[in-house]
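Reader: I keep running into labels like "buried" or "edge-to-face" and never know where they come from. Could we go through some on a real example?

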Amino acid sequence: IAELEMNLASLLRSLSESQDQVVALLPPCRREMLTGRYAQQVDHDIEADLIGACMWADIIKIVGKHRALRAALGFDTTKAWRRATGGLDDFRNSVMHPSTHEILEDSADGLARLLRRDRTLRDLLHRTRGALEAGGEVGP
């Protein structure tokens, strides 16, 4: 999950648009929260950028709305991207807090869900690695 997040963030940073333009793909309430987090990082002399201040869910949402980046990863539509990434935010939280979530669920359904998410992550990692190896350059 961490590598996928870093890969997607690297691809977002490689876009020809400014980070302000990229972050503008988020809903206003998320942009406001993000710019506030970024301002705090700057105030505390933390070397950061807007993409680095994004939460995992924000990164997923931005990539899904950025047509060229989404296409570079092999997803023609926002719907296809959402279908591929649906549940990954919850999965990340489950991994980070395993005692309270489904990651420890002792059932066939829980194991099947875990295996599906593993396949999804491996596929997305393959796609992002390919995009980065291609130079990470994505048009607007």
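Author: Sure, here are a few labels and the reasoning behind each. Keep in mind that this is a predicted model.

Reader: Okay, rings to begin with. What makes the pair of phenylalanine 75 and tryptophan 81 edge-to-face?

Author: There is one aromatic pair in the structure. A pair like that is described by how far apart the centres are and by the angle of the planes. Here the ring centres of phenylalanine 75 and tryptophan 81 are 5.2 Å apart, and the cut-off for pairing is within 6.5 Å, so they count as a pair. Their planes stand at 80°, and over 60 degrees counts as edge-to-face, so that's the label they get. Both phenylalanine 75 and tryptophan 81 are buried, by the way.

Reader: And what lies over the face of phenylalanine 75?

Author: That's arginine 127, at 4.3 Å from the ring centre.

Reader: Now helices. Why are H4 and H7 called roughly antiparallel?

Author: Helix H4 covers residues 56–65 and helix H7 covers residues 88–96. They pack at an angle of about 155°, with axes 9 Å apart. Anything over 145 degrees counts as roughly antiparallel, so H4 and H7 earn that name. On the H4 side, Trp56, Ala57 and Ile60 make the contact, and on the H7 side it's Leu88, Asp89 and Arg92. The crossing of H4 past H7 is right-handed.

Reader: What about H4 and H6: why are they roughly antiparallel?

Author: Run the check again. H4 and helix H6 (residues 78–85) pack at about 150°, with their axes 8 Å apart. The cut-off is over 145 degrees, so roughly antiparallel fits here. H4 passes H6 in a right-handed crossing too. The residues that meet are Ile60, Val63 and Gly64 from H4 and Thr78, Trp81 and Thr85 from H6.

Reader: Last label. How do you know whether aspartate 90 is buried or exposed?

Author: Look at the relative accessible area of aspartate 90, which is 51%. Exposed means over 50%, so aspartate 90 is exposed. This residue lies in helix H7. Its C-alpha atom is 9.3 Å from that of alanine 57, although the two are 33 residues apart along the chain.

Reader: And why is glutamine 41 called buried?

Author: Glutamine 41 has a relative accessible area of 18%. Buried means under 20%, so glutamine 41 makes the cut. You'll find glutamine 41 in helix H3, residues 28–43. Leaving out residues up to four places away in sequence, glutamine 41 touches Ile46, Ala48 and Ala53.

How values were computed. Residues are numbered from 1 along each chain as its sequence is written. This is a predicted model: local features need pLDDT of at least 70, side-chain atom pairs count only at pLDDT 80 or more; totals for chains, interfaces and linings use all residues. Side-chain values use heavy atoms; hydrogens and water are left out. Rings of Phe, Tyr and Trp (its six-membered ring) pair if their centres lie within 6.5 Å; planes under 30 degrees apart count as stacked, over 60 as edge-to-face and the rest as tilted. Buried means under 20% relative accessible area, exposed over 50%, partly exposed in between (1.4 Å probe, protein chains only). A charge sits over a ring if NZ of Lys or CZ of Arg is within 6 Å of the ring centre and within 35 degrees of the ring normal. Axes are lines fitted to C-alpha atoms, for helices over the stretch in contact, and angles run from 0 to 180 degrees between N-to-C directions. Helices (H or I, at least four residues) and strands (E, at least two) are DSSP runs, numbered from the N terminus. Angles under 35 degrees count as roughly parallel, over 145 as roughly antiparallel, 65 to 115 as roughly perpendicular and the rest as oblique. A crossing is left-handed if the near helix is turned anticlockwise from the far one by less than a right angle, and right-handed if clockwise. Contact means heavy atoms within 4.5 Å.
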